[in-house]
Amino acid sequence: MASDDPHEDSAHEMPKYDYSATRRDFMLKLGIGINAIAGALVGIPIIGFFVSSIVKANQPTWVSLGSIDQFPENATRMAVFLNPYRTQADGATANVPCWVKRENGENFTVFAINCAHLGCPVRWFEQSKLFLCPCHGGAYYEDGSRAAGPPPRGLFVYENKVEKGELNIKAGLLPTLANPA
Amino acid sequence: MMSTLRTVALWLERRLHLTKLWNQTAGHPVPASTGSWFYTFGSMTLTCFCIQILTGIFLAMSYVPSAAESYHSLELLNYSIPLGWVLRGIHYWGSTCMVIVMMLHMTQVFLWGAYKYPRELTWISGCILLFVTLGLAFSGQVMRFDTDAYWGVGIGASVAGRIPIIGEALVHILLGGPIIGSDALSRFFSLHVFILPGALLAFVSLHLRLVLGKGINEQPKPGVLVKRETYDKHYSEIIKREGVPFVPAAINKDIVANGILILVIVGLALFVGPNGPGTPADPTIQIADAKPDTPFLWLFACAALLPNGSEPWLFFVFPLVASLLLFLLPFITNEGEKHWRRRPVAVAIVILSYLGIGLLTYEAITGPWSPQMDAWSGLPIKAEYVKGRTPLELQGAVVFQDMQCRNCHAIAGEGGHRGPDLTQVATRMTNPQLVRQVIQGGGNMPAFGKNLSPEQTRALVAYLCSLHPPNVPPAREAVGVLKPIGETQPTPSPTPGNVAVRGEK
Ligand code: FES
């Protein structure tokens, strides 16, 4: 394609370049070196920031679900606790529900709400004594063991203890197969 | 006046070399045969992307990426900010259309053999664009941050959590913390408005550069084979013979198609409206359905339909192998026939893929595997299925409703479809079989032995045995007839009392 700009082609002409010039070579290497260090100094904080969520991966801690009197014996009830690592911006997502089953006395089992299949919220049905998952039809028995459907195991269970008449569970992580509560 | 304009134009031309730029881009020569309706899907995808950027920028002016605020800001967009709902609608339907036309573009490129030599890299960059676009669609759904989005992120985290070794770290990187909260939303926001659009821009540039550099694929003719040694010459001959500048000679159908596309998107936005937000993302609200948006429904269906234990295959092996095949396709069949009529395997792959994805999507929409959570309390049994029953059978109907059987089993088509429809169950199963099924479960049904008293079981099974059409008798045990001769001892009748004992051991 012909161009009517006389400068265009000449712009690409240059005298033969001697790639072996040592002084320039040194400067080039120096430049690369300096920028490598500078790059690392910028990059490390960025990567560090990004993966800090693993490092800061808070260990589960004890959270109170309130007085044990609210849980009748031999029954399963929903309890809601506040995520111990919540921030202001979390809003309603700081509420974490779980299913509390009081066997008798101070004997409790606390199940995560998250289905062991893909994490959907399971719902308790008092009459048939089943937990049913809305997503792919997983079902669990009263004791959390798998009854039917795609879940590979029973419900995730939080560690619990009773202290001063309050039920406490060890929580703060999203229960998944990698991290079964 | 004219001469001043001319001077300005010339001055600009001298500085910017516009003619050269034009000739290399919009005016570059393409085979005349490519001015075809089938070649319009690529530009349509690009148009969708432009619409997404444009509406996205303005939506970001009102959207607040915080778990506490996002819902409210979307409500404001929907109801308070003038035309906010239109913008949301265009953005939503633009995204849906983008995925659809991109699939069509890919299908056309595949069927026309356009990925073969020398356009391998064009195909590969296109595959990257596909994945980035799907990433945008998924992260965009998270922006809605309603219950579905919240549990959708949960599903994503659970899938990641299944990956061996790095699973846990991956979950934390994905969520930006140990639990789904505002950090997770912010991560997805950053992905949705910075990282992925940036990547898309970069790869669109590469894609277009390759389209310009390697030329648009000519309309293939059956019997004309691609050979690495001769193709370049062949193509430049085509250009010499029937080459026309893309603009204005080959772009006319693109313009029409794109105009219609934009009208469709805006029409959908105006008449169907934006999507959601649904129920606020409060995990204590128990009405989540957690279905993903349309492009991912088929995967959702896979998760429900595949046999237990196959998840590692579905979530890792299958995507890995599938994307590897996708990326390597231009090297697997680099030369040879381009026309689809001579490539039956390619045609079969397309038909099977569309059928498979279509069927799975349909399944996911109807969701027959999900229990209908409110059927037991919300759907009364129709009068004809209780009429003329004995008191025991009626009691059984009450047990049937009360024990949530209805959530999984329909009667007369109403109720859950997780388990079989029981309208005529008595014609298929005998009384003892029903007792066994109820008490022991099996075949994906939980066992109810512990939760039903013997009396309840007796009533329930009595009711189930009454479920048969008036002219068809209920199924009967064959045991009595098949008993070996000489044995006189009667079979113990399956009274619920002794069955319950059996169920317990
Ligand atoms: S998430 Fe519960 S069955 Fe799939």
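This is a short talk on the fold of chain A, the interface of chains A and B, and some backbone features of chain B.

Keep in mind that we are looking at a predicted model.

Let me start with chain A. It has two helices and 11 strands. Along the sequence, the two helices come before the strands: the pattern is α-α-β-β-β-β-β-β-β-β-β-β-β. Of the 181 residues in chain A, 41% are buried. Now the contacts within chain A. Take those between residues at least 6 apart in sequence; 48% of them join residues at least 24 apart.

Next, one piece of the strand region. Please find β3(A). Seven of its 10 residues are buried, which leaves the strand mostly covered. What does β3(A) pair with? One partner is β2(A), in the antiparallel sense, over eight bridges. To place that pairing on screen, pick A:Thr76; it stands opposite A:Lys101 of β3(A). Another partner is β4(A), residues 107-112, again antiparallel, over six bridges. Here the pair to pick is A:Arg102, which faces A:Phe108 in β4(A). β3(A) and β4(A) form a hairpin with two residues between the strands. In that hairpin, A:Gly105 has a positive phi near 50 degrees. One general reminder while we look at strands: in a regular strand, side chains alternate between the two faces of the sheet.

Now the interface. On the A side, 63 residues are in contact with chain B, and on the B side, 66 residues are in contact with chain A. The size of an interface is often given as the accessible area lost when the parts come together. For chains A and B, the buried area is about 5,300 Å². Carbon and sulfur atoms give 61% of that area.

How many salt bridges cross the interface of chain A and chain B? The rule finds zero. Polar contacts do turn up: 14 residue pairs, both residues at pLDDT 80 or more.

Which elements of chain A touch chain B? Those giving two or more residues are α2 (22-55), β2 (75-82), β3 (95-104), β5 (123-125), β6 (130-132), β7 (139-141) and β8 (146-148). The most comes from α2(A), with five residues. By residue type, the A side of the interface splits into 37 nonpolar, 18 polar and eight charged. Note that β2(A) and β3(A), which pair with each other, are both on that list.

Over to chain B, and its backbone. There are two cis peptide bonds to show. One joins B:Val247 and B:Pro248, with omega about 5 degrees. B:Pro248 sits in helix α11, residues 246-250. The other runs from B:Gly276 to B:Pro277, with omega near 5 degrees. B:Pro277 is in the loop between α12 (252-271) and α13 (297-305).

Then two residues with positive phi, neither of them glycine. For B:Leu83, phi is near 65 degrees. It lies in the loop between α4 (70-80) and α5 (84-111). For B:Phe145, phi is near 40 degrees. Its loop runs between α6 (120-143) and α7 (147-161).

Is B:Leu83 buried or exposed? It counts as exposed because its relative accessible area is 59%, and the cut-off is over 50%. B:Phe145 counts as buried because its value is 1%, against a cut-off of under 20%.

That is the tour. I'll take comments now.

Methods: Residues numbered from 1 in each chain as written. Chains lettered and ligands numbered in written order. Predicted model: local features only at pLDDT ≥ 70, side-chain atom pairs only at ≥ 80, totals over all residues. Heavy atoms only, no water. Contact = heavy atoms within 4.5 Å. Buried area = accessible area lost by both parts, 1.4 Å probe. Salt bridge = Lys/Arg side-chain N within 4 Å of Asp/Glu carboxyl O. Polar contact = N/O pair within 3.5 Å; in protein donor to acceptor, adjacent residues only side chain to side chain. Helix = DSSP H or I, 4+ residues; strand = E, 2+ residues; numbered from the N terminus. Nonpolar A, V, L, I, M, F, W, Y, C, P; charged D, E, K, R; others polar. Buried < 20%, exposed > 50% of the residue type's maximum accessible area, 1.4 Å probe, protein only. Pairing = 2+ DSSP bridges.
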